[in-house]
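Subject: Handing over a structure

Dear colleague,

I am passing a structure on to you, together with some notes on what came out of going through it. Please have it open beside this message while you read.

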Amino acid sequence: MAQVEKRGGLLRKSSASKKPLKEKVVLMYDEIFMVVAMSQTEDPSKCSPRFWEELFLMKVNLEYLEGKLESLDGEELMKIKDNINCLFQHCIQALGEEHPIRVVNALQTLCALIRGVHQKNKSTSGFDIINMLMGFDKAELCMKNLMESLDSLLCAEGSESLKSLCLKLLLCLVTVTDNISQNTILEYVMINSIFEAILQILSHPPSRREHGYDAVVLLALLVNYRKYESVNPYIVKLSIVDDEATLNGMGLVIAQALSEYNRQYKDKEEEHQSGFFSALTNMVGSMFIADAHEKISVQTNEAILLALYEAVHLNRNFITVLAQSHPEMGLVTTPVSPAPTTPVTPLGTTPPSSDVISSVELPLDADVQTSNLLITFLKYSSIVMQDTKDEHRLHSGKLCLIILTCIAEDQYANAFLHDDNMNFRVNLHRMPMRHRKKAADKNLPCRPLVCAVLDLMVEFIVTHMMKEFPMDLYIRCIQVVHKLLCYQKKCRVRLHYTWRELWSVLRLSTNAGQWKEAASKVTHALVNIRAIINHFNPKIESYAAVNHISQLSEEQVLEVVRANYDTLTLKLQDGLDQYERYSEQHKEAAFFKELVRSISTNVRRNLAFHTLSQEVLLKEFSTIS
């Protein structure tokens, strides 16, 4: 018996004749588009009353449907606009069906329609997309019904496959244009909010594990719709969320994605160090270490980083999540396989692997007793900030510093950063350099978290003295350090931190070299620090000589300082403990517009609808009567 081969919607018998046969669903698609040749627009159901009912019982051929739309020119597409509108409306009606297979096929058809029409409208405004999909006169009602159906499906205790497809459809809607602020379809998403549905996914552990990543990326994109031009309800609602379970759920999703990135980088680093190139560099020296390190790279995840920024920037309650440890991530247990569901590829700039979403959370590093979102974020930052030559890593590095700026300005964040009772061992990644060896991970001390933040800033400052000087990033690093010092002065916090690496400009000013003049200027600016050293050093030495003491205790040094403080002369400098607070709209709007555009493009590129296996769906929906 001849075997049947499927290719591009065609069924071909492998016989001598090789006459191509089309799937029935493809024939039905052709009926919808057949009106082009006939120059008329008739509803296909006029000839076949059960046309729409049968269509949604058949497996969607995404490739053929999208290809068919792309093959039509603008004039041909306009001739079948009424039929496209009709198909779009019937898809929305099918979302209310009791049979899940029809709902799944309707969701996939909607995605194909949106993507296909978008390809034909790249150079035009969003209004053309609305007209082509729904028609201006019916757009408001269509989108209201669509958003209500999606909200119900996301909140219901139903199929995980349906929820996954709903999120994919929403991400498809949001990213239909590169500049999401020009996507007028989102006006209807603003009016018919799904914010509560997103929060429910994040607060419910099973849903969060399956769909948390997509939900967080979706929320981050919706928050950025026309954020500088009008009142965005998603911004308003996100800023006042105070439910602990929801905020912790969002933090956990972000921590998982960043942990996955850190893990992938560490795996590649270990693979690289144990490989042939590592053995070669050990023989010939380390002169190519920096170049070798550039090859150890994992694609950055700006989408999840944007979500973290919006949470930190907009919601002060989220600050508490940064310091809370995640038991789910800390427990080293055998992953429990979840019930079989439709395979889903998480979406975003660089989606984490499926095991991060569907299984128990990743265990912590062996040398860390407890961890939290802030530690995970600092480790992530230490990786992406090593190499800022790549555009994506440059954007990630800049966004990391903006997030740290927001944290450094927050009073509560500073309180737990400087808390002596909250000590952690934070293993930051350090750039391999010729003049230093890699620090042993096990020798890291437990210190307040602010020390890790300062370590990160100092590490960037001392390792990026390059010809194309990253001035913007340097300024941001100095601003973070300055704001932390302002808090320490205001709250009289004395931090036990080794400043030698950062304040080594004096060494350069006394040596002949290209940096001598610049270092001398900086050293001169430290007039008060030099005055203190020059004033007290002789006094301390004299005290030790008179009392025949080789090494003074802290109490004895303090006694000398108190006795000679009145004779110390310092230059009065006002406003050193003042700084300009961070403002996104006035200084960072252009950066975020470009960043969101890049994220939107990547999310759309990574959308995958073909992962749904019809066999899996049939098994999942085996209860259909």
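What follows is a summary of the findings, from the whole chain down to single residues.

Please keep in mind from the start that this is a predicted model, and that the values below are computed from it.

The overall picture

The protein chain has 625 residues, of which 49% count as buried, and its secondary structure comes to 33 helices and five strands. If one takes the contacts between residues at least 6 apart in sequence, 77% of them join residues at least 24 apart. The chain exposes about 31800 Å², and carbon and sulfur atoms supply 53% of that area.

The nonpolar core

In soluble globular proteins, nonpolar side chains tend to be buried together. Here the largest nonpolar core holds 165 residues, and the members that touch the most other members are L222, I254, L308, F318, L322 and L404. Helix α25, which covers residues 449-463, gives this core its largest share, namely 11 residues. To look at one of those well-connected members in detail, L322 touches L308, V312, N372, L373, L374, I407 and F416, once residues up to four places away in sequence are set aside; L308, too, is among the residues named above as touching the most other core members.

Salt bridges

Side chains of opposite charge can pair when their charged atoms come close. The count for this model comes to 26 salt bridges, and three of the pairs are described here one by one.

K24 forms a salt bridge with E54, and their closest N and O atoms are 3.5 Å apart. This pair links distant parts of the chain, since K24 sits in helix α1 (residues 24-33) and E54 in helix α3 (residues 51-55), with their positions 30 residues apart in sequence. K24 counts as partly exposed because its relative accessible area is 47%, and E54 is likewise partly exposed, at 23% relative accessibility.

In a second pair, E584 forms a salt bridge with K227, with 2.9 Å between the closest N and O atoms. The two residues are 357 residues apart and again link distant parts of the chain: E584 belongs to helix α31 (residues 584-587), whereas K227 lies in the loop between α13 (205-223) and α14 (233-239). E584 has a relative accessible area of 6% and is therefore buried, and K227 also counts as buried, at 15%.

In a third pair, the side chains of E588 and R476 meet in a salt bridge at 3.0 Å, N to O. E588 is in the loop between α31 and α32 (589-606), while R476 is in helix α26, so that this pair, 112 residues apart, also links distant parts of the chain. Both E588 and R476 are buried.

Apart from these pairs, R50, E53, E97 and R102 are linked in a network of salt bridges.

Backbone angles

Most residues other than glycine have a negative phi. Which phi value does R492 have? For R492 the angle is near 55 degrees, a positive value in a residue other than glycine. R492 lies in the loop between α26 (471-490) and α27 (505-509), and R492 counts as exposed because its relative accessibility is 78%.

H548, which is not a glycine either, has a positive phi of about 55 degrees. The loop between α29 (527-546) and α30 (554-564) is where H548 is placed, and, with a relative accessible area of 74%, H548 is exposed.

Two further loop residues

Is N192 buried or exposed? Although N192 is in the loop between α11 (186-191) and α12 (195-203), this residue is buried, with a relative accessible area of 17%, which is under the 20% cut-off. Leaving aside its neighbours within four places in sequence, N192 is in contact with M143, K144, M147 and Y234.

Q299 lies in the loop between α17 (289-294) and α18 (302-314), and at 43% relative accessibility Q299 counts as partly exposed. The C-alpha atoms of Q299 and R393 are separated by 8.2 Å, although the two residues are 94 residues apart along the chain.

With best regards

Technical notes. Residues are numbered from 1 along each chain as its sequence is written. This is a predicted model: local features need pLDDT of at least 70, side-chain atom pairs count only at pLDDT 80 or more; totals for chains, interfaces and linings use all residues. Side-chain values use heavy atoms; hydrogens and water are left out. A nonpolar core is a set of buried Ala, Val, Leu, Ile, Met, Phe, Trp, Tyr and Cys residues joined through side-chain atoms within 4.5 Å. Buried means under 20% relative accessible area, exposed over 50%, partly exposed in between (1.4 Å probe, protein chains only). Helices (H or I, at least four residues) and strands (E, at least two) are DSSP runs, numbered from the N terminus. Contact means heavy atoms within 4.5 Å. A salt bridge is a side-chain nitrogen of Lys or Arg within 4 Å of a carboxyl oxygen of Asp or Glu. Accessible areas come from the Shrake-Rupley method with a 1.4 Å probe; for residues, only the protein chains shown count as cover.
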